Amino acid sequence: MEQLLEKYFRPKLPHMWCPGCGNGIVTAAIVRAIDKLGLDQDKTTIVSGIGCSSRAPGYLHFDTLHTAHGRALPFATGIKLTKPGHKVLVITGDGDATAIGGNHFIHAARRNIDLTVIVFNNNIYGMTGGQYSPLTPHLAKATTAPYGNVDRAFDLAELAKGAGATFVARSTTYHAKQLAELVAKAIQHEGFAVVEAMTGCPISFGRQNKLGKPAALLAWQRDNTVPVEAMGKLTPEQLAGKIPIGLLHQKTAPEYTAEYGKIIKQAMGGRS
Ligand code: SF4
């Protein structure tokens, strides 16, 4: 990891994340995926919105943009359209991606633009005070839901798939190796790729919901997830309440940047 630290991280430590936060594990998984694929750092851009997870690009040695709340995808779309040869990764949180940025999320998925979106799902708005997000579980506590969240949470993977994403995967900080492998596959996929990274927030979410120490949050991820390949072998009782992890959906479809390029060429009378 020391070599990776030197190559991919800016010397900005100490970081701002709380002790025991899972965001470092997800960031390390992204860096491992990038290293495994040998991406050119000068042709890889990482864009984020606002929130705890969105601070990650600030620590990474690439071209990075820390944008406005919920707006990472429009910025990333602009970059991809002007630099189609570049790999563009988006780091966002559950609130950033599915509340204020929810419209951008579904339309980027619908267009199947070639972006790799890693959603750090900590089930809450951590940085801004522990308010509930669209991925806060039903009846979980938040500062804006002190008696329990009355809303029902989105299933992010189903949302992405339903909106047209052509690659959808989910893993957790407990399954860090699998998470890095899925991020690598998502980067290689041509089209809108979403990886939901379930990450523990021991402070804003864990404390309010009395989930215990950071290790207990990791144990929760271990005990409440099931590999998608194993689902067929389990009974409905064994599957009750379990969250599938792994590669959940992948298909091919025309990619937006390439399609847009064809229209421009046509408009230019065949000249590129
Ligand atoms: Fe991590 Fe939660 Fe602290 Fe944010 S508030 S840095 S998500 S532990």
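A cavity, in the sense used here, is a set of grid points where a 1.4 Å probe fits but cannot get out, and the residues that line a cavity are those with an atom within 4 Å of such a point. The model to which this is applied is a predicted one.

UniProt, in an unreviewed entry, lists residues 50-196 as the domain "Thiamine pyrophosphate enzyme TPP-binding". Across residues 50-196 the chain is 33% helix and 18% strand, and the C-alpha atoms at the two ends of this range stand 17 Å apart.

Turning to the enclosed space, the count comes to three cavities of 30 Å³ or more. The largest cavity holds about 160 Å³ of space, and its lining is made up of 18 residues, among which Gly51, Cys52, Ile124, Tyr125 and Gly126 lie nearest the centre. Helix α4, which spans residues 94-100, gives the most to this lining, contributing three residues. By class, the lining of the largest cavity divides into ten polar, six nonpolar and two charged residues.

The second largest cavity contains about 50 Å³ of space, and the residues that line it are Gly70, Arg71, Ala72, Leu73, Val90, Thr92, Asp96, Ala97, Gly101, His104 and Val117. Two or more residues of this lining come from each of helix α3 (72-82), strand β3 (87-93) and helix α4. Helix α4 is thus an element to follow in both places, giving three residues to the lining of the largest cavity and at least two to that of the second largest. The lining of the second largest cavity has five nonpolar, four polar and two charged residues.

Key: Residues numbered from 1 in each chain as written. Predicted model: local features only at pLDDT ≥ 70, side-chain atom pairs only at ≥ 80, totals over all residues. Heavy atoms only, no water. UniProt positions renumbered as here; feature names shortened; annotations may be inferred. Helix = DSSP H or I, 4+ residues; strand = E, 2+ residues; numbered from the N terminus. 1 Å grid on protein atoms, 1.4 Å probe; cavity = no way out; pocket = protein on both sides within 12 Å on 5 of 7 lines; lining within 4 Å. Points joined across faces, edges and corners; volume = space filled by probe spheres on them. Nonpolar A, V, L, I, M, F, W, Y, C, P; charged D, E, K, R; others polar.
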